[in-house]
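Student: I'd like to learn how to read the packing inside a protein model. Can you walk me through one?

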Amino acid sequence: MKKITSIISVTLAASMLMPMTGCLNKYVNPMGTAALESYAKDYGAKCYKSSREFSDFYKESYGDVGRLSEGIYIRADGKRAGIAIECADEVPIVYSEDIKEATVFAAGDMSYYKFNECFCVSMVFGSERDADFYYELAVDNYYVHSDSDVIDADDFDPRMVFDIYQNDHQVEQARQALQKELIDMGATSEMIDEWLKVFDTMYDIDYDLVLESFEEENGLKYTLLTGSHGDVFYTAGIYVKKNTVFYAYGFGYDEDEVNAYIDGVCEHMKLTPPSSL
């Protein structure tokens, strides 16, 4: 009888711990797919089971971002995750076949023909190596590059413009070198303007781009950035830890509103937001 009582006690204790364990597990990976799904639910976002329906609804909101005011989200695996991730053509978050599962969350609003929006994705990869590789590619996407070495501005030849590996600062150096070379060649001001227009179409330079990368002792690496394209402000936070990547991207006409979207998500995911730059 004593042995049976002991078994019952152990069983009862285990049953009491089960919900507690579930709650703890929810926060084991604060930037994981479950965490972003939790944020979306708290936000009041509409849940989609079909990635195709999620994608179609998001694309239909292009003309009326106000349709995203309550938010939408989906948690999916494999190629279903890919359909949801790639629905946003204007967002630089891309799908990789190495992604095993992802939660995608989008929210936005529109007033006076001006929009503000966020698009966030938490991705779980098959390995830490795959996650780190994706992170590096995502960060590298904000630089113009090729397979060649960096070319010093003093050695710049306008005929080699497509072969330059550089960031925005070096692109500007190359632009100035091109202008100097044309002046030395005796080109007219009109000709110089035309050459510079051609150059600018080849390189979309964000003169105000601010980008910084960080690494914490707990293994978290992340890159924060802000910039603008014309009147549209954009900002992003890209984070990796172990086999998980979280990518938050916001854009719109009102910097404060865009940051508010991303700040809310990052606070829930226990991450430093790009507005801290």
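Student: Which residues touch the most other members of the largest nonpolar core?
Tutor: A nonpolar core here is a set of buried nonpolar residues joined through side-chain atoms within 4.5 Å. Bear in mind that this is a predicted model. The largest core has 41 residues, and the ones touching the most other members are Tyr 58, Ile 93, Phe 119, Met 123, Tyr 247 and Tyr 249.

Student: Which helices and strands each supply at least two residues of this core?
Tutor: On the helix side, look at α3 (51–60), α4 (78–85) and α5 (128–140). The strands are β2 (72–77), β3 (99–111), β4 (114–125), β7 (232–241) and β8 (244–252).

Student: What is Ile 93 in contact with, leaving aside its neighbours within four places in sequence?
Tutor: With those neighbours set aside, Ile 93 contacts Ile 85, Phe 119, Val 121, Met 123, Tyr 134, Tyr 247 and Tyr 249.
Tutor: There's also a second, separate core of 23 residues, with Leu 36, Phe 105, Cys 120 and Leu 220 among them.

Student: Leu 36 sits in α2, right? Which residues of that helix are buried?
Tutor: "Buried" means under 20% relative accessible area. In α2 (residues 33–43), that covers Thr 33, Ala 35, Leu 36, Glu 37, Ser 38, Tyr 39 and Ala 40. After α2 comes Gly 44, with a positive phi near 95 degrees.

Student: And how much of the protein is buried?
Tutor: Buried residues are 41% of the 277. The protein has eight helices and eight strands. Among contacts with a separation of 6 or more, 60% join residues 24 or more positions apart.

How values were computed: Residues are numbered from 1 along each chain as its sequence is written. This is a predicted model: local features need pLDDT of at least 70, side-chain atom pairs count only at pLDDT 80 or more; totals for chains, interfaces and linings use all residues. Side-chain values use heavy atoms; hydrogens and water are left out. Helices (H or I, at least four residues) and strands (E, at least two) are DSSP runs, numbered from the N terminus. Buried means under 20% relative accessible area, exposed over 50%, partly exposed in between (1.4 Å probe, protein chains only). Contact means heavy atoms within 4.5 Å.
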